[in-house]
Amino acid sequence: MRAAFAAAERFAPGPAAKVLSKLWFKVPGGPEKRLRGKAPAGAEVFTLDCLGSEVWGYDWGEGPLVYLVHGWGGCTGDLDFIGASLVANGMRVVAFDAPSHGNSGPGPWGPDYSNGPHLVGAMSAALDKFGAPHAVVAHSMGCLTSVLAMREAGFDPVGTRLAMIAPFIGGTSGFNDTLGAIVPVGPRIIGRLIPMAEQRADVELSKITLLDPPVEAPALIVHDKGDRPNPFRHAEELAAAWPNAELVGTSGLGHRKVLVSPEVNRRVTAFITGR
């Protein structure tokens, strides 16, 4: 792959960028193999209309409201471990699958493709139904999309406790670094890819970032130092930009095992509940 993209960087950056502009929006796995979670015992299943798609989710427990927001290619099941701990400690959790993810129906681009604005739309639909949260626990791209949705809905995140796990910080640098961790591309390909991706998703990458404007809400940022898709330095940048953020670095958990770590679960639960 490195040899192929090295050659494309020199001889065919345009066609390579065109291929990547499509692959970037492809949801990992096919619909028949996609990650899916189950509603926990005692939870109430709901569906929401989102961008013409049926979004699946569950409402579980009683107490202050906490949204659980999965990342790209994820599902509600990613956060079940943390959700169970929160419910056991007197919280109410609402979790949902974004369009073309998990148990939800296909989004505007069909069952195989999605984008960040579609994930924002799912969070916006949940906010419309359930209202402002006490807290949000989000993973990877869900960190970015949940904050963007709260801003668009007019909810001031200052009063919301935010647990950001392996955050994708967005912006051009976040896009470049995450893509570069998966596919080795050079500046000629990247220079053509970014405008293509922006045009297809109808967004300007530089304007969808967690860094600006900074969020003043109490925040816990948990990030593994060996995270490959989202480098640890992004968490350091985020912690430096947000005035009330605490950064917890882990080792050996990578991008996904961090979600099922007992120690991470304990820290997140203590932060959300204030205990």
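A pocket here is an open set of points on a 1 Å grid over the protein atoms alone, where a 1.4 Å probe fits and protein lies on both sides within 12 Å along at least five of seven lines; lining residues have an atom within 4 Å of a point. The model is predicted, with local features needing pLDDT of at least 70, side-chain atom pairs counting only at pLDDT 80 or more, and totals for linings using all residues. Numbering starts from 1 along each chain, and side-chain values use heavy atoms, leaving out hydrogens and water.

**Exercise 1.** Work out the volume and lining of the second largest pocket.

*Solution.* Start with the space: about 360 Å³, taken as what is filled by probe spheres set on the points, which are joined across faces, edges and corners. Next, go to the walls: 22 residues line this pocket, with Gly116, Pro117, Leu144, Val203 and Ile208 nearest its centre. Finally, ask who contributes: helix 5 gives the largest share of that lining, 6 residues (helices are DSSP runs of H or I, at least four residues, numbered from the N terminus).

**Exercise 2.** Now do the largest pocket: find its volume and lining.

*Solution.* The volume comes to about 540 Å³. Then pick out the residues nearest the centre: Trp24, Pro28, Trp72, Thr178 and Ile182, out of 24 in the lining. Last, look for the main contributor, helix 6, with 3 residues.

**Exercise 3.** Which residues is Met123 in contact with (heavy atoms within 4.5 Å), leaving aside neighbours within four places in sequence?

*Solution.* Skip those neighbours, and you're left with Tyr67, Val69, Phe96, Val136, Thr145, Ser146, Ala149 and Met150.

How values were computed
Contact means heavy atoms within 4.5 Å. Helices (H or I, at least four residues) and strands (E, at least two) are DSSP runs, numbered from the N terminus.
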